[in-house]
Every structure is written in C-alpha cells, then in structure tokens.
Amino acid sequence: MQREVIGIDFGTTNSGAAFIEFDEPTIIESSEGERVTPSVVYFKEDGKVVVGSVAKRNIIANPERTVKSIKRFMGTDHRVQIGNESYPPEYIGAHIIKKLVQDAEKRVGTSFSDAIITVPAYFMDPQRQAVKDAGEIAGLNVLGILNEPTAAALAFGFEEEEERRILVYDFGGGTFDVSVLTIGGGFLRC
C-alpha cells in the first residue's frame, strides 16, 4: 500500500502544502481557496486558535494575541507571551502545520500522517530539529527536513536525462536562498 506523504513549505510569511498526484507535485489549496496560507496564528480570548488569513486580519486589531514570522525564532529559546501563557516557537509552528494538513485532508479526501518539510538552506541543526518537532507536535511523522532550493530543484526536473547545472533561488517572504545544483539522470548533487 502506498503511503500518502504531504510536502510542507513552512514559510516565514506564507506556508503551503503539496502532494504527488499522477507523478506530479500538486499544490493543495487552503480551506479559503488560496494556494498559500499566511504563517500567522491568532489566539482568541476563548482559547481557540485561528491560523491563516483570518489570523492575519487580527495583526492590527489584536497584536498582543497574534503571532507572525515565528519561523525566525525556530531553534531558539524565544517564548511568545499570550495572556498568561508562554509558548515556544515549535508550538506556534505546529498550529500552522496542523492547519495545512487539515485543509489538505479536506481538499484531497485522504489523511496524511507522513510529511517532508522544507527549511532554508542556511538553517542549522537546532533550527531543523525545531521544525521537525513542530511537525511532530502537529501529529505528523516527519520523514525528512529538506532544503528549500533542493525541493525546488526536485520539482523542476529531477527526471531530466541530460546532466545540467542549475542555479536555484528561493526568494521568500523572510529568507533568500541560492544554491547551485547538478541534476540529471535521476541524480541531484549540491
């Protein structure tokens, strides 16, 4: 039986999800019909947590209860104070990842328990581990943490027969990565 694996681009500003359908990566729209989900978490007074576009609308109205750009603090001792509670970045990130998975499951009609999550190429081991922990807190079996430029190269042409050297850049909302890769013949070298 083939396992369904979700790919998650955990971004500073926006996050997204995809899976392989008919041997092609397919972006999964959010429950709001968007291809990306704002990486914003709003903690309501009643204890409920809202993620995405609705949370983003609360940045100005409720800044003391709204968290954005948590990816910048992954792998650090930073804590986010919401009311009387204090949360680590992994907990905040888990809410973003959980929303992506829940939206994907509704759209695709299958459950995802396994994931590959992308991170900037410059992320060090503590940052990578923090992202993996966030995925696990969200209830996923994180199969791997993949550099964002490597993920882009895989989507571009991993099955290219002719060996080629390519420059991949990831111009994100909070990070900018550049990698030179050689692809072709089913191989990828960084």
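Leaving aside neighbours within four places in sequence, I6 is in contact (heavy atoms within 4.5 Å) with A17, A18, I28, L100, V101, A104, F112, D114, A115 and I116. This is a predicted model, in which local features need pLDDT of at least 70, side-chain atom pairs count only at pLDDT 80 or more, and totals for chains, interfaces and linings use all residues. Residues are numbered from 1 along each chain as its sequence is written, and side-chain values use heavy atoms, with hydrogens and water left out.

I6 also turns up in the largest nonpolar core, which has 33 residues. Such a core is a set of buried Ala, Val, Leu, Ile, Met, Phe, Trp, Tyr and Cys residues joined through side-chain atoms within 4.5 Å. Here "buried" stands for under 20% relative accessible area, "exposed" for over 50%, and "partly exposed" for what falls in between, using a 1.4 Å probe and protein chains only. The members that touch the most others are I6, I8, F10, I92, I97 and I117. At least two residues each come from β1 (5-9), β2 (14-21), β5 (40-43), β8 (80-82), α3 (89-108), β10 and α4. The top contributor to this core is α3, with 7 residues.

As for the chain as a whole, it holds 5 helices and 14 strands. These are DSSP runs numbered from the N terminus, with helices being H or I over at least four residues and strands being E over at least two. Of the 190 residues, 42% count as buried. The accessible surface comes to about 10600 Å², and 50% of that belongs to carbon and sulfur atoms; the areas come from the Shrake-Rupley method with a 1.4 Å probe, and for residues only the protein chains shown count as cover. Among contacts between residues at least 6 apart in sequence, 56% join residues at least 24 apart.

Now to the strands at the start of the chain. Two strands are said to pair if DSSP finds at least two bridges between them. β1 and β2 run antiparallel and are joined by 3 bridges, with I8 standing opposite A17 of β2. A hairpin of 4 residues links β1 to β2. On to β3 (residues 24-28): 5 bridges hook this strand up to β2, again in the antiparallel sense. A17 appears here too, this time standing opposite I28. The β2-β3 hairpin has 2 residues between its strands, and F22 in the turn has a positive phi of about 55 degrees. β2 also pairs with β4 (residues 37-38), antiparallel and over 2 bridges, and the bridge partner of N14 in β4 is P38.

Within β3 sits P25, which is partly exposed at a relative accessible area of 45%. P25 and L154 lie 129 residues apart in sequence, yet their C-alpha atoms are 9.7 Å apart in space.

Next comes an open sheet of 3 strands, in the order β6-β5-β7 and with antiparallel pairing. Its edge strands are β6 (49-51) and β7 (66-68), each pairing on one side only. From one strand to the next, the twist averages 20 degrees; axes are lines fitted to C-alpha atoms, for helices over the stretch in contact, and angles run from 0 to 180 degrees between N-to-C directions. On the β6 side, β5 is joined by 3 bridges, with F43 opposite V49 and Y42 opposite V50. The hairpin of β5 and β6 has 5 residues between the strands, and G47 there takes a positive phi near 95 degrees. On the β7 side, β5 pairs over 3 bridges, and V40 stands opposite K68. The side chains of β5 split up: V40 and Y42 point one way, V41 and F43 the other, and all are buried. Across β5, β6 and β7 lies α3, running at about 105 degrees to β5.

Further along, β10 (residues 114-119) and β11 (residues 141-147) run parallel, with 6 bridges joining the two. One of the matched pairs is V119 with N147 of β11. To get from β10 to β11, the chain passes through helix α4 (residues 125-137), and this β-α-β crossover is right-handed. In other words, with the strands pointing away from the viewer, the path from the first strand over the helix to the second runs clockwise.
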